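Got a minute to go through some labels with me? I'd like to see what stands behind each one.

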Amino acid sequence: MRTKFDFIKRLTLISLPIILQQLFLNLASLLDTMMVGQLDEISISGVYIATQIVFVCNLMIFGSIEGASVFFCQFFGIKDKDHLKNCYALKYLFSGGIGLLLTIIILIFAKPLSSLFLSNPLEIEVAVKYLNFVALSFVPYALSVTISSSLRETHRSLSPMIITLIGVLLNFTFNYLFIFGNFNFPKMGASGAAIGTLIDRVVEMVLLIGYLLFRKIDFSQNFFSSLKIEKRLLKNVIIKSIPLFLNETLWSL
């Protein structure tokens, strides 16, 4: 009975911060639309459509690491540190690659994508400006997702939750400053919301990297310098990753 209680306690301590982190992430995605909602209807429509496009991109980035995460958890369980570092590096490569690709696509095709859902040229302009700023956050977001998921998968779920909460508060603060031009900051409207999101993502990435360096987390130590990924492992990760990536992509679409 005691063993069962200890298991439930440990499970709760790990899972509760994860639940709260997801709550904070969803709250962050709502902040832009809620705060821009105090502006005109054109800004509301433009930002709403832009955030839907960003939502798809975010899920694609998240989906890109799920296959490597499956193996990462297994190698953590059997304490295989070399392969653990390999999977961690693959997470970076997959998420960073998808994040960079999506950044390029959005910067080039922001207007055609927005035009699929909007017909008013002013609304399209708002959406394009928003997307051009937020697209720059995809790579920092990809790195943050990689670090956060790896920490959670090694039973360190509290720190990512706290950093996500800090990011949400920063997002709210910079939205307040840049959307409405408070405290002599430039009044940028919907574009200000995008800048707030970009700053939030960059700060989260820096804090997570700083946490890894400060705590000297084992799987993140010198994982690139001694990187020798077996072809069999790479093949298995790719095979596992493709359906998971497509699942997240199609679900978000």
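Q: Before the rest, where does this residue sit: in which loop is Phe 183 found, and why is Phe 183 called exposed?
A: Keep in mind that this is a predicted model. Phe 183 is in the loop between helix 7 and helix 8 (190-215). Its relative accessible area is 65%, and exposed means over 50%, so Phe 183 counts as exposed.

Q: What is the phi of Phe 183 near?
A: Phi of Phe 183 is near 55°, which is a positive value in a residue other than glycine.

Q: What about His 155: why is it called partly exposed?
A: His 155 has 40% relative accessibility. Buried needs under 20% and exposed needs over 50%, so His 155 falls in between and is partly exposed. The residue sits in the loop between helix 6 (138-153) and helix 7 (158-180). His 155 also has a positive phi, near 70°, and is not a glycine.

Q: What makes Tyr 88 and Phe 219 an aromatic pair, and why edge-to-face?
A: Their rings are 4.8 Å apart, centre to centre, and the limit for a pair is within 6.5 Å. The planes are at 65°, and over 60 counts as edge-to-face, so the label follows. This pair links distant parts of the chain: Tyr 88 is in helix 4, Phe 219 is in the loop between helix 8 and helix 9 (231-252), and they are 131 residues apart. Both Tyr 88 and Phe 219 are buried.

Q: How do you know that Phe 178 and Phe 185 form an edge-to-face pair?
A: Same routine. The centres are 5.4 Å apart and the planes are at 90°; with cut-offs of within 6.5 Å for a pair and over 60 degrees for edge-to-face, both tests are passed.

Q: Why is Phe 178 called buried, and why is Phe 185 called partly exposed?
A: Phe 178 has 12% relative accessibility, and buried means under 20%, so Phe 178 is buried. Phe 185 has 33%, a value between 20% and 50%, so Phe 185 is partly exposed.

Q: Which residues do ring pairs link into a cluster?
A: Phe 72, Tyr 88, Tyr 92 and Phe 219. The structure holds eight aromatic pairs.

Q: What sits over the ring of Phe 72?
A: The charged end of Lys 91, 4.4 Å from the ring centre. The distance limit is within 6 Å, so the distance part of the test is met.

Q: Why is Val 145 called buried, and what does Val 145 touch?
A: Its relative accessible area is 11%, and the cut-off is under 20%, so Val 145 is buried. Val 145 lies in helix 6. Leaving aside residues up to four places away in sequence, Val 145 touches Phe 62 and Ile 65.

Q: Which residues of the largest nonpolar core touch the most other members?
A: Ile 61, Leu 102, Ile 106, Tyr 130, Leu 131 and Phe 138, out of 39 residues. Helix 2 (41-64) is among the helices that supply at least two residues each, and the largest share, nine residues, comes from helix 2. Not counting residues up to four places away in sequence, Leu 102 touches Cys 57, Met 60, Ile 61 and Phe 138.

Q: What does the second, separate core include?
A: This core has 22 residues, including Ala 68, Leu 84, Leu 208 and Phe 219.

Note on methods:
Residues are numbered from 1 along each chain as its sequence is written. This is a predicted model: local features need pLDDT of at least 70, side-chain atom pairs count only at pLDDT 80 or more; totals for chains, interfaces and linings use all residues. Side-chain values use heavy atoms; hydrogens and water are left out. Helices (H or I, at least four residues) and strands (E, at least two) are DSSP runs, numbered from the N terminus. Buried means under 20% relative accessible area, exposed over 50%, partly exposed in between (1.4 Å probe, protein chains only). A nonpolar core is a set of buried Ala, Val, Leu, Ile, Met, Phe, Trp, Tyr and Cys residues joined through side-chain atoms within 4.5 Å. Contact means heavy atoms within 4.5 Å. Rings of Phe, Tyr and Trp (its six-membered ring) pair if their centres lie within 6.5 Å; planes under 30 degrees apart count as stacked, over 60 as edge-to-face and the rest as tilted. A charge sits over a ring if NZ of Lys or CZ of Arg is within 6 Å of the ring centre and within 35 degrees of the ring normal.
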